[in-house]
Amino acid sequence: MLLVCPTPIGNLDDVSPRQREALAQADIIACEDTRNAGKLLERLGVARVEGRPKLWRYDDHTAQSQAERLVKELEAGRQVVLISDAGTPTISDPGYRLVRAARQAGVEVMALPGPVAATVALSASGLASDRFYFEGFLPPKSAARQARHRALEGLGVTVIYYESPRRLEETLSDLEAVCGPDREICVGRELTKRFEEYFWGTVAEVRAQVASQQEELRGELVLVVAPGQASEVSAEEAEADRLIGALLDEGLSARSIKEVLAKVSDLPRSAIYARIAVVEGQRGA
């Protein structure tokens, strides 16, 4: 069996008995960094006896080759546990590739519940949580970030981003350029840790709060943005959405879908990207 096992995003007390047992009984633990995984096992009191569980590196650079190796181990009857450095695997990491490969091979897959920084911040934000879209990390350049903000603005749902302290001020500036200074947002930092903190208010207010503490910001941040106004959909866009949904069901990437629609639709490429984001958002909300 392949078991998807969350790990704490900060506070070790968040480890459940089921998660601890899964790690202790694993033959192989697939992890982003074997050093971090080893330290986690040590801190949780999970003893490694005669090299078991083995720690196998599984990250963006090794995902394809390691997925094949791990599936062979699963087919041989090994118990494989998939973890990330922090939080629930497959969220903003390549874990889904291993899960997909295991399912395609007919291997049983199960997942344990656990922490996700995005939903922790959403729960504490006070913003609408009945429908939301998780974007993850934004592009590094301002123009690309603003393009993503504009595309997601039309979803009409709360949007959640991950960001680093180094880029937060620039990201908030881009957000204000697209959504205006009065949009409500919430920024959470050091979630579940000793210095957990939230900045809440309008974009302009949070920018001022962040600017006053820029030198003190540490760790990964979560940015939650209140819903914008859902955009009206034309007949052509509705047909594009239908085709995008069908192509997503076939497992095509956003880039591949863009190339297909560019050949069969009169929509400009920028509009096609926006429609892909909308459809993905509706599915993720």
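Start with the aromatic pairs: a search of the whole of this predicted model turns up two of them. Select F134 and Y162 for one pair. Their ring centres sit 5.0 Å apart with the planes at 70 degrees, so this is an edge-to-face pair. F134 belongs to strand β6 (residues 132–137) and Y162 to strand β7, so the contact ties together parts 28 residues apart in sequence.

Now add F137 to the selection. The rings of F137 and Y162 have centres 5.7 Å apart and planes at 65 degrees, so they too count as edge-to-face. Again β6 meets β7, with F137 and Y162 lying 25 residues apart in sequence. Keep F134, F137 and Y162 on screen together: they make one aromatic cluster. Switch on a surface and compare. Y162 is buried at 6% relative accessible area, while F134 is partly exposed at 27% and F137 is partly exposed at 42%.

From Y162, follow β7 (residues 158–163) across to β10, its antiparallel partner through five bridges. Look for V159, which stands opposite V225 in β10. Then pick β8 (residues 184–189), also antiparallel to β10 and joined to β10 by five bridges; here G188 faces V222.

Stay on β10, residues 221–225. Five of its five residues are buried, so the rest of the structure largely encloses this strand. Show the side chains: L221, L223 and V225 point one way, V222 and V224 the other.

For a detour, select R69 and W56: R69 lies over the face of W56, 4.2 Å from the ring centre.

Finally, colour by pLDDT. The chain averages 90, with the lowest confidence in helix α11 (residues 269–284), at a mean of 74, and the highest in strand β4 (residues 80–82), at 98.

How values were computed: Residues are numbered from 1 along each chain as its sequence is written. This is a predicted model: local features need pLDDT of at least 70, side-chain atom pairs count only at pLDDT 80 or more; totals for chains, interfaces and linings use all residues. Side-chain values use heavy atoms; hydrogens and water are left out. Buried means under 20% relative accessible area, exposed over 50%, partly exposed in between (1.4 Å probe, protein chains only). Helices (H or I, at least four residues) and strands (E, at least two) are DSSP runs, numbered from the N terminus. Two strands pair if DSSP finds at least two bridges between them. pLDDT is the predictor's confidence in each residue, from 0 to 100. Rings of Phe, Tyr and Trp (its six-membered ring) pair if their centres lie within 6.5 Å; planes under 30 degrees apart count as stacked, over 60 as edge-to-face and the rest as tilted. A charge sits over a ring if NZ of Lys or CZ of Arg is within 6 Å of the ring centre and within 35 degrees of the ring normal.
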